[in-house]
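Here are my notes on the model you sent over. Please read them with the coordinates open.

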Amino acid sequence: MQQPSTGSRSDSQIRLETIERPPEAAPHYPPIRPSRARHKLLYWALVVLALCGSFPLGAYLALKEVGQQPFSSTSGVTWLTPIPTPTLTPEQRQAQFIAQTISRMSLDEELGQLLVVAFTGTTLSSNLQTMIVNQHVGGIILFASNIKTFAQVQALDAAMQARASIPLFISTDQEGGQVNRLRAIIGNTPSALDMGATNDPAFAQQQGQKDGQILGQLGINLDFAPVVDVQAGGFVPSVLATRMFGTTPDKVTTFAGAFLQGLQSQGVLGTIKHWPGLGSTPVDPHQDLPTLYRSQADLNAIDFAPYRNLLQQGQINMVMVTHEVLPAYDPTKPASLSPIMVDQVLRHDLGYQGVVITDSLYMGALTKRWTIAQEGLLAVQAGDDLLLGISTPSDVQKIVDGLRAAISNGTISKARIDQSVTRILTLKIKAGLITMPAGLAQP
């Protein structure tokens, strides 16, 4: 082991010097303060938080992150509650709510909203439940065969609504006279021809009120009435002979408008039909495809006039388009499948921007020429929002699959589907089927 040199200090001397070193000899450390970089980081973090709190998108993302779901259904559609923004109008807030709702829907849920289906029986059958729960259909139509007693229809409609992820349009054709789906419950009622023959619009309004009252009590919120076809002076198809109010556009406008006002005063939506007009065609579209050989001037002066007049009155919530060829406008496609007749004439020329529903897709006018999947695609391409009458889960799936394929290959866009779903949800809000979340005023 190496020995220490004679000039070295002992351990005790070193320890002593350490203890006795004066305070001023100790190392000096300045107080710890946040650096300028940390100040900047804190400042910008606060700015980002403030910005997120001021935009609806930030609120939406926050809701999504924490899983806030003000309304959730068994089939998975979730209703979002947008954070009210003081600068938005009620209409803008509703649009925001609808856009956010659509953003949370699957494509199948959106496509289902386009379908108003029929069924057999008087109770919630397995097929009907499949179409409502699994295929997310947007509406149901009841025919006379589905309607037996007051209590039975009430129970059926309540059962259907209880299983729907989005409240359903529950509809029927309650015109009166020959087309009286409620006959088993209320007996015979006057037809449009009978109402027109009174020359008293108040009578038509009272009949609309009566029908609206009973429909509302049954849980039916949509009526495919009144008919606004203008009856020709000569031969008309027997199926429509008693279903028209008169032979002039003015009389049809007056009486259909009165009936519609009475119906909708009871909270039931009306539908004017059959665009573009079947009053002068001898062919029933249930059987085959009619062709109406009339000039554009005559069509505008006669057949289109009730639509134009009622639009000016602000009463129209839904238009039903039928299967009829008008060579003066489109010689190749029936109106129900014609972009010219729906998007150009009805929406652009007449200015109607609400919901358009097809007549039944099972009518011979279409089924003799196209498959059910082709009909669905052509109807959406034409600008229709609701497709009526499909009655089996199999046919529902054919339409859904066809539309999905068309979106995938670019034949139609997802935005086109969103457009129809937006119109449908807007009308369901207007009808009180969908209640806006707390804090968002109804427009």
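The points below run from the whole chain to its sheet, strands, pockets, cavity and backbone outliers.

1. **Status and overall make-up.** This is a predicted model. The chain has 443 residues, and 48% of them are buried. Its secondary structure comprises 19 helices and 12 strands. Contacts reach far along the sequence: of those between residues at least 6 apart, 75% join residues at least 24 apart.

2. **Surface.** The chain exposes about 20500 Å². Carbon and sulfur atoms account for 56% of that area.

3. **The five-stranded sheet.** In what order do the 5 strands of the open sheet run? The order is β8-β5-β4-β3-β12, and the pairing is parallel. At the edges sit β8 (222-223) and β12, each of which pairs on one side only.

4. **The β3-β12 pair.** Strand β3 covers residues 115-117 and runs parallel to β12, with 3 bridges between them. Here Val116 stands opposite Leu388 of β12. Strand β12 (387-390) also supplies at least two residues to the lining of the largest pocket.

5. **The β10-β11 pair.** Strand β10 (residues 318-321) pairs with β11 over 4 bridges, again in the parallel sense. Met320 has Ile357 in β11 as its bridge partner.

6. **Cover on β11.** Are the faces of β11 (residues 355-358) covered or open? Both are covered. Val355 and Ile357 are buried on one side, and Val356 and Thr358 are buried on the other. As background, side chains in a regular strand alternate between the two faces of the sheet.

7. **Largest pocket.** Its volume is about 390 Å³. It has 26 lining residues, and the closest to the centre are Asp173, Arg181, His286, Asp359 and Met363. By class, the lining holds 12 nonpolar, 7 polar and 7 charged residues. Helix α11 (238-241) and strand β9 (272-275) are among the elements that each give at least two residues to this lining.

8. **Second largest pocket.** This one has a volume of about 220 Å³. Which of its 13 lining residues lie nearest the centre? They are Ile316, Asn317, Gln353, Gly354 and Val355. Val355 is also one of the buried residues of β11. Helix α19 (residues 414-430) supplies the largest share of the lining, 4 residues. The class split is 5 nonpolar, 6 polar and 2 charged.

9. **Enclosed space.** Rolling a probe the size of a water molecule over the atoms shows where empty space is left. How many cavities of 30 Å³ or more does a search of the whole structure find? The search finds 1. The largest cavity holds about 50 Å³. Its lining consists of Glu175, Ala192, Met195, Pro226, Val227, Arg243, Phe245 and Phe259. By class that gives 6 nonpolar, no polar and 2 charged residues.

10. **Cis peptide bonds.** Most residues other than glycine have a negative phi, and most peptide bonds are trans. The bond joining Ala225 and Pro226 is cis, with omega about 10°. Pro226 lies in the loop between β8 and α11, and Pro226 is also one of the residues lining the largest cavity. A cis bond also runs from Trp275 to Pro276, where omega is near 5°. Pro276 sits in the loop between β9 and α13 (296-303).

11. **Positive phi at His136.** His136 is not a glycine, yet its phi is positive, near 60°. It is placed in the loop between α6 (126-134) and β4 (139-142). Is His136 buried or exposed? Its relative accessibility is 11%, and the cut-off for buried is under 20%, so His136 counts as buried.

12. **Positive phi at Asn199.** Asn199 also has a positive phi, about 55°, without being a glycine. Its loop lies between α9 (192-197) and α10 (201-218). At 57% relative accessibility, Asn199 is over the 50% cut-off and therefore counts as exposed.

13. **Where to look when checking.** For the backbone, the places named above are the cis bonds at Ala225-Pro226 and Trp275-Pro276, with positive phi at His136 and Asn199. For open space, they are the pockets of about 390 Å³ and about 220 Å³.

Conventions:
Residues are numbered from 1 along each chain as its sequence is written. This is a predicted model: local features need pLDDT of at least 70, side-chain atom pairs count only at pLDDT 80 or more; totals for chains, interfaces and linings use all residues. Side-chain values use heavy atoms; hydrogens and water are left out. Buried means under 20% relative accessible area, exposed over 50%, partly exposed in between (1.4 Å probe, protein chains only). Contact means heavy atoms within 4.5 Å. Accessible areas come from the Shrake-Rupley method with a 1.4 Å probe; for residues, only the protein chains shown count as cover. On a 1 Å grid over the protein atoms alone, a cavity is a set of points where a 1.4 Å probe fits but cannot get out, and a pocket is an open set with protein on both sides within 12 Å along at least five of seven lines; lining residues have an atom within 4 Å of a point. Grid points are joined across faces, edges and corners, and a volume is the space filled by probe spheres set on the points. Ala, Val, Leu, Ile, Met, Phe, Trp, Tyr, Cys and Pro count as nonpolar, Asp, Glu, Lys and Arg as charged, and the others, Gly among them, as polar. Two strands pair if DSSP finds at least two bridges between them.
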